[in-house]
Amino acid sequence: MRKQKSLTEKQIEELLKSKYIEKVFQNRIIYTNEFKLSALEQYRNGKPPVEIFVEAGIDLDIVGRKNAVNLLLKWSKEGIKSNEQISLEKQIEELKAQNAYLKAENEFLKKLR
């Protein structure tokens with residue numbers, strides 16, 4: 001496994017200027033879901049990864065051209081979820097929990113009879 005180069009403070013500051021980057025650590029960049037979804041859509045429509053990153057204002061001298069390609073491939077495999085999908089999944093989980101609670105409550109009430 002190759003050793004990843006650490007980012008300098010200046011590079012971190014530069015990357016954080018982009019609205020498409022949430023957080024930057026010395027060895028890691030976290031992109032927004034908005035950017036990931038947009039980038040994947042553009043990539044699937046035939047736009048080259050390098051062009052996607054450049055148009056988003058992300059400095060490829062810092063991120064790396066090869067990394068731009070690898071990130072899109074990774075995101076494509078992962079299946080990035082939109083905030084709407086995450087919200088729906090959370091609602092489903094809450095409804096399942098509420099349903100389980102009500103079932104247990106009904107069972108308890110039946111025993112009191």
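## Accessibility of L109

Is L109 buried, partly exposed or exposed? In this predicted model, L109 is partly exposed, and its relative accessible area is 43%. The residue belongs to helix α6, which covers residues 83-112.

L109 also contributes to a nonpolar patch on the surface. The other residues in the patch are F108 and L112, and the area amounts to about 330 Å². A residue must have over 30% relative accessible area to be part of a patch, and L109, at 43%, is therefore accessible enough to be included.

## Model confidence

Averaged over the protein chain, pLDDT is 85. A value of 70 or more is reached by 88% of the residues.

Confidence is highest in helix α3, residues 49-55, where the mean is 93. The lowest confidence is found in α6, with a mean of 82. L109 lies in this helix, as do K110 and E107.

## Salt bridges: overview

Side chains of opposite charge can pair when their charged atoms come close. Across the whole structure, the search returns 3 salt bridges. The pairs are described below.

## The pair in helix α6

K110 and E107 form a salt bridge in which the closest N and O atoms are 3.5 Å apart. The cut-off for such a contact is 4 Å, so this pair qualifies. Both residues are in helix α6, 3 positions apart, which means that about one helical turn separates them.

The two partners fall into separate accessibility classes. K110 has a relative accessibility of 53% and counts as exposed. E107 stands at 43% and counts as partly exposed. The boundary for exposed is over 50%, which is why K110, at 53%, is placed in that class.

## The remaining pairs

Which residue forms a salt bridge with E14? The partner is K17, and the closest N and O atoms of the pair are 3.4 Å apart. E14 is partly exposed at 38% relative accessibility, while K17 is exposed, with a relative accessible area of 65%.

A further salt bridge joins the side chains of E55 and K47, with an N to O distance of 2.7 Å. Here the glutamate, E55, is exposed, at 51% relative accessibility. K47 is partly exposed, with a relative accessible area of 23%. Buried residues lie under 20%, so K47, at 23%, is not counted among them.

How values were computed:
Residues numbered from 1 in each chain as written. Predicted model: local features only at pLDDT ≥ 70, side-chain atom pairs only at ≥ 80, totals over all residues. Heavy atoms only, no water. Patch = residues over 30% accessible without salt bridge, like charges linked within 9 Å, V, L, I, M, F, W, Y side chains within 5 Å. Areas by Shrake-Rupley, 256 points an atom, 1.4 Å probe, with all protein chains shown as cover. Helix = DSSP H or I, 4+ residues; strand = E, 2+ residues; numbered from the N terminus. Buried < 20%, exposed > 50% of the residue type's maximum accessible area, 1.4 Å probe, protein only. pLDDT = per-residue confidence, 0-100.
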